[in-house]
Amino acid sequence: GDLIFGWAPKGACEEVLGALPTAWPQVVWVDGGSLGRVRSITDAAQLGNTSRMVEWLVSQRPELLEEMTPDTSHKYLDRAEPLLIFLVAPGDKAGWDRGVSLLGSLEHTLADKVQLVWSDCNVFGSQFGARKECPVFVAVQTMDMAWRKMPLKSLEPQQGAKAAQNSSARLLAWLENVTGIQMDGRRSPAAAADAAAKPQSGGKAGDAAPREKKRRKASNATRSPSAKKKAPNTTSGGSPAPPPETDAAAVVNATEKVVKGLTEGVEEDFLDAMPEIDSSADLYFVWTHYQSALRQLEQLQVSYEARYGESLPFDFSDLQRAQNLHPSMQSLATSPASVQRMVQDPKKLRQLMLSIEWQAGFELNASKAGAYVHDKRNLGRKMRQGYELVRGVFLRLFRHLHRHAEAGTMGIQEAKEQAVERRAASELSYKEFIERYAKPGRPVIITGASITEEEPWTMDFFRRKCNVTTRLQRRNALKWSWGRLEDAGFLPLPEFLDTFRSNATRRSWYLHDWSLPKFCPEVFGPPPYRGYTVPKYFAGDYFQRAAFDGYQHSWPSLFVGSEETQSAMHIDSGGTNFWLFLLSGRKEWRFFSRKDLVNIYQNPLHPHFLVDIFEPNITKFPLLRYAEMFVGVQEPGEIMFIPGGNPHAVRNLEPIHGISMNYVDASNVWIYLWHMLAENNFRSFEMFTDGITIPHGLRSDQQPMRFGEWKSTKWRDLAYDLH
């Protein structure tokens, strides 16, 4: 995610990239260090102008705007902050680049004041009367759905205009005018008047000019005496002067300051990941953030007590104080062990189900606009108070740990890297696998197993059997998504298999966890489906015993990628166990125990980690020294097993394809159920605990199973001796 500046002579660049379209010198942006992935090239005007150069750098960051679709619009419209939508046609690259660059220059000014999204003009353009004006900005007041619009071309300075404003200042002035929110104290009255004079149209909102005029007077009244002096970089009229022309060294100095601001101080950045909640946020927004924060802190408490509980005491009591504020703020379970105790005690299980019923009803009402919630104002106040208690624990915990790490008083030894153990399938019994690896949460590489007893599952096999179009993904280090993966595009699978090694773009694309039962059931052969064999260690999957669970027919899945693909550190959803059989290539895996969550810097509100574990920075992330890391390189024909809840990352050392599966059985069922409660997946929790739907237990004499047999087994008729 860092910006790294380097230089190269013209001849060397042309040797790799071919003739480039602009005059030399120039700055070339490449993704991930691969010259095969050039995203953008500066022109002479950008290179010679500090402001334009910084705007160009910011515009390359792909995570500035989330996409708003009809299916996701509710999550933005339900929030109190105004919504700024950039409407642009997907194929309009020039419009997209200009709009994103413009918003990038205002990103920090607008942070926490305005929601920034983009939408397809073909989808939302008619709703705002803007189909023929795109690209266009639309500002929506989410409280009453009033809106105003501003075409991008209207933000361009007019020729010969006095006191011409740059596009950023004009957009900012317009936003302040239509939302009534003071974005920035530096705006001059001339800027507001200039923006107000521009073409605007809208829906319900009406003219905001009177309110803006009063606000400008108040702003001028509170301005400090020093602010009345002419700024050093202004014209005689008081408006900003054109940015000065500068040399390449000045550009580098300016961009280094930008980069430093983006990457400074891990503690400050990490602690900022759990921000304060705005007082205007609605009840459901506050409740969901409180729930996410509490869930993460409970997991951190379990991890902390496992790693430091005896040597470095810490007070987590504010977590309970927060829960005592209101019944809706109670945690249903604090750990996998607490889930097990409640489920195995009929009286406690009945009480838990009543709590689930109450909380589900509360969530349903709180999530609906206008729904009745008893004593809503007082409850909102308590929710904010509870969130601040939980946030306080988070801040104190990591300041406490970093202080002791710096002083060398952690009370435990620094951890040493360990190799993932290798075991031959011929010597590893099912019982030993469960007791030695799956239950304790230790990864293992299993050699000598097989998943096909008939036709081998080669690349050519999938090319012939799966002639369907599939969605591909790629890694984006700036993404906050699971594994830092994002959609890359669609291709017929045979075409991807033919080109993913040689095509410069497709080398970064990844066929990730592609469900074979859903998208290519032909691979299992004709009835009775003998084309695939489930290894004995994973045949006891509880999902196969759940007649109506959506995961029953998700796996096995296919992975295909070049040596340029990888998944950043993540935890598989639901606390499920995971295994992957490598059919070709080599993969490098890095794991941490689930007990080390407190040491590896997971974002408290999002499913990603700050650490790049393949290039760890111990100076920035000092707690990593105390985290036990397992490393293993997987070869063709081997199975990698990853226990539920274990953070892990993987990169492909060669082009690979492999088969994988997530599952739940007796070794991780309590972890899974804890996740289900935390995620409010009460339907799945009840199905696993009603004593009827899913029989629990495993058989120590379990053998590998052909796919058809695995799918048709009557699990309720079997006897189990492992629990």
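This passage describes the disulfides, a mixed sheet, an enclosed cavity, the aromatic pairs and one helix of a predicted model.

Two disulfides are present in the structure, and when the bonded cysteines are numbered in sequence order the pairing reads 1-2, 3-4. In general terms, a disulfide is a covalent bond between the sulfur atoms of two cysteines. One of the links is formed by Cys121 and Cys134, whose sulfur atoms are 1.9 Å apart, and with 80° about the S-S bond this link is right-handed. Because Cys121 belongs to helix α7 (residues 121–124) while Cys134 is placed in the loop between α7 and β6 (136–141), the pair ties together parts that are 13 residues apart in sequence. The two ends of the link fall into separate accessibility classes: Cys121 counts as buried, at 3% relative accessibility, whereas Cys134, at 22%, counts as partly exposed, the cut-off for burial being under 20% relative accessible area.

Cys466 and Cys520 are likewise joined by a disulfide, with an S to S distance of 2.1 Å, and the value of -90° about the S-S bond makes the link of Cys466 and Cys520 left-handed. Here Cys466 is found in the loop between α19 (459–465) and β12 (469–475), and Cys520 in the loop between α21 (516–519) and β15 (533–534), so that the pair connects parts 54 residues apart in sequence. Both Cys466 and Cys520 are buried.

Among the strands, 5 form an open sheet of mixed pairing, in the order β9-β20-β19-β22-β17. The edges of this sheet are given by β9 (418–419) and β17, each of which pairs on one side only. At one edge, β9 pairs in the parallel sense with strand β20 (residues 629–634) over 2 bridges, and Phe630 of β20 is the bridge partner of Gln418. At the other edge, β17 runs antiparallel to strand β22 (residues 648–652), to which it is joined by 3 bridges; in this pairing Arg651 of β22 is the bridge partner of Gln566. Although β17 is an edge strand, 5 of its 5 residues are buried, so the strand is largely enclosed by the rest of the structure.

The same strand, β17, also contributes to an internal space. The structure holds 2 cavities of 30 Å³ or more, and the second largest cavity contains about 40 Å³ of space. The lining of this second largest cavity consists of Arg475, Gln566, Ala568, Met569, Val611, Asp612, Ile613, Phe614 and Ala649, and by class it comprises 6 nonpolar, 1 polar and 2 charged residues. Strand β17 (residues 566–570) gives the most to the lining, with 3 residues. Gln566 thus appears in two settings, as a residue of the cavity lining and as the bridge partner of Arg651 in the sheet.

A search of the whole structure yields 43 aromatic pairs. In one of them, the rings of Phe314 and Phe316 have their centres 4.9 Å apart and their planes at 70°, so the pair is edge-to-face; Phe316 is buried, with a relative accessible area of 7%. In another pair, the rings of Trp358 and Phe362 have centres 5.8 Å apart and planes at 5°, and the pair is therefore stacked. Trp358 and Phe362 are 4 residues apart in helix α16 (residues 346–367), which means that about one helical turn separates them. The accessibility of these two residues is not alike, since Trp358 is partly exposed with a relative accessible area of 42%, while Phe362, at 9% relative accessibility, counts as buried. Ring pairs also link Trp457, Phe461, Phe462, Phe524, Tyr532, Phe707 and Trp710 into a cluster.

Finally, helix α23 (residues 682–689) is mostly covered, with 6 of its 8 residues buried. The buried residues of α23 are Phe682, Ser684, Phe685, Met687, Phe688 and Thr689. Just after this helix, Gly691 adopts a positive phi of about 75°.

Terms used. Residues are numbered from 1 along each chain as its sequence is written. This is a predicted model: local features need pLDDT of at least 70, side-chain atom pairs count only at pLDDT 80 or more; totals for chains, interfaces and linings use all residues. Side-chain values use heavy atoms; hydrogens and water are left out. Buried means under 20% relative accessible area, exposed over 50%, partly exposed in between (1.4 Å probe, protein chains only). On a 1 Å grid over the protein atoms alone, a cavity is a set of points where a 1.4 Å probe fits but cannot get out, and a pocket is an open set with protein on both sides within 12 Å along at least five of seven lines; lining residues have an atom within 4 Å of a point. Grid points are joined across faces, edges and corners, and a volume is the space filled by probe spheres set on the points. Ala, Val, Leu, Ile, Met, Phe, Trp, Tyr, Cys and Pro count as nonpolar, Asp, Glu, Lys and Arg as charged, and the others, Gly among them, as polar. Rings of Phe, Tyr and Trp (its six-membered ring) pair if their centres lie within 6.5 Å; planes under 30 degrees apart count as stacked, over 60 as edge-to-face and the rest as tilted. A disulfide is a pair of cysteine sulfur atoms within 2.5 Å. Two strands pair if DSSP finds at least two bridges between them.
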